[in-house]
Amino acid sequence: MSKASQREQIETGAGFIAALDQSGGSTPKALALYGVGDSDYSSDEEMFAEVQRMRERIILCDAFNRDKVIGAILFERTLDEEIEGRKVADYLWSQKGIVPFLKTDKGLEDTADGVQMMKPVPGLGSTLARAAEMGIFGTKARSVIHECNAVGIAAVVGQQFDEARKVLGAGLVPIIEPEVSIKSQTKAEAEARLRDEILSQLEELDAGQEVMLKLTLPDEAGLYDELADHPRVLRVVALSGGYSTDEACALLARNDKMTASFSRALTEGLTKQMSDAEFAEALSTNIGKIHRASV
């Protein structure tokens, strides 16, 4: 199937994008929730092996398929991992019909002006070239906004679009993720300013260029509808941001033009200790909830 088929699926598919991109910073917490404590591994290699086994278990479940999951975001180390003798990105598309994306950011700077900018990404060009060769459709990069600070939000959005142009230049579709913390005391105000900054940056893109947006579920229902309708936006997806699965799905259901791209909410309640049947049933329940809220 061609890249045009992947694009059509992301634009029109009646499903959500799974975030399976736990990185060095988020992996210990994800594993702890999965029932794997830090005493169960003694090195980064063992830690990443544990989380890869968790990802593989999710991907191999029958419920994890293109009928409800249209895309999946991977961590860079996952590109070299295999499932049933195929590289993970290839397995997702060729066996599951799920479009693969790649997380490209290298973490966050310290907070300044109420936000956390992305750290520099050395070797981004070579990473993008390799990703394209391996069948990756697009990328994802995350920043965090903690308060409604005009200078900080403008800086975050500017940095995100600067990197997005590099991704577009490599023939991939960027997912721009300026997360607004759900703990922010000025969350609603920050979200309104963020929307306006994104709209301004979208007008600077060239004709034919398309981006995706991954945004925190907003306090005001429909706040991001204008972004979803913009001709430079392929799709707007939502991050769960620390909300429970039920909370995230309830908020998502109020935003008709957003689709889920959940990580923690997708894996909520899953543990290593479950039998395969128990695991499959729990994952299927989560996928069903998220899918219903997305469509």
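The second largest cavity of this predicted model has a volume of about 30 Å³. Its walls are formed by Phe48, Gln52, Arg55, Phe75, Arg77, Thr78 and Glu81. Sorted by class, this lining holds two nonpolar, two polar and three charged residues. The count of cavities of 30 Å³ or more comes to two.

The largest cavity holds about 40 Å³ of space. Lining this cavity are Thr104, Thr139, Lys140, Ala141, Gln160, Glu163, Ala164, Val167, Pro174, Ile175 and Ile176. Strand 7, helix 6 (150-169) and strand 8 are the elements that each supply two or more residues to this lining, and helix 6 gives the most, with four residues. Here the division is six nonpolar, three polar and two charged residues.

Gln52, a lining residue of the second largest cavity, also takes part in a contact between two helices. The axes of helix 3 (residues 44-60) and helix 4 (residues 88-96) come within 12 Å and cross at roughly 10°. Angles under 35 degrees count as roughly parallel, and helix 3 and helix 4 are therefore roughly parallel to each other. On the helix 3 side, the contact is made by Gln52, Ile59 and Leu60, while helix 4 contributes Val88, Tyr91, Leu92 and Lys96. Five of the residues in this contact are nonpolar, one is polar and one is charged.

Attention can now turn to the pockets. The largest pocket has a volume of about 1100 Å³. A total of 40 residues line this pocket, and those nearest its centre are Ser26, Lys29, Arg142, Glu179 and Ser263. Two or more lining residues come from each of helix 2 (27-33), strand 7 (138-145), strand 8 (173-180) and helix 10 (264-267). Strand 7 and strand 8 will be familiar from the lining of the largest cavity. The lining of the largest pocket divides into 12 nonpolar, 15 polar and 13 charged residues.

The second largest pocket contains about 190 Å³ of space. Of its 14 lining residues, Glu11, Thr12, Arg235, Lys257 and Thr259 are the closest to the centre. Helix 1 (3-12) and strand 10 (233-239) are the elements that each give two or more residues to the lining. Strand 10 gives the most, with three residues. By class, five of the residues lining the second largest pocket are nonpolar, five are polar and four are charged.

Note on methods
Residues numbered from 1 in each chain as written. Predicted model: local features only at pLDDT ≥ 70, side-chain atom pairs only at ≥ 80, totals over all residues. Heavy atoms only, no water. Axes fitted to C-alpha atoms, helices over the stretch in contact; angles between N-to-C directions. Parallel < 35°, antiparallel > 145°, perpendicular 65-115°, else oblique. Contact = heavy atoms within 4.5 Å. Nonpolar A, V, L, I, M, F, W, Y, C, P; charged D, E, K, R; others polar. 1 Å grid on protein atoms, 1.4 Å probe; cavity = no way out; pocket = protein on both sides within 12 Å on 5 of 7 lines; lining within 4 Å. Points joined across faces, edges and corners; volume = space filled by probe spheres on them.
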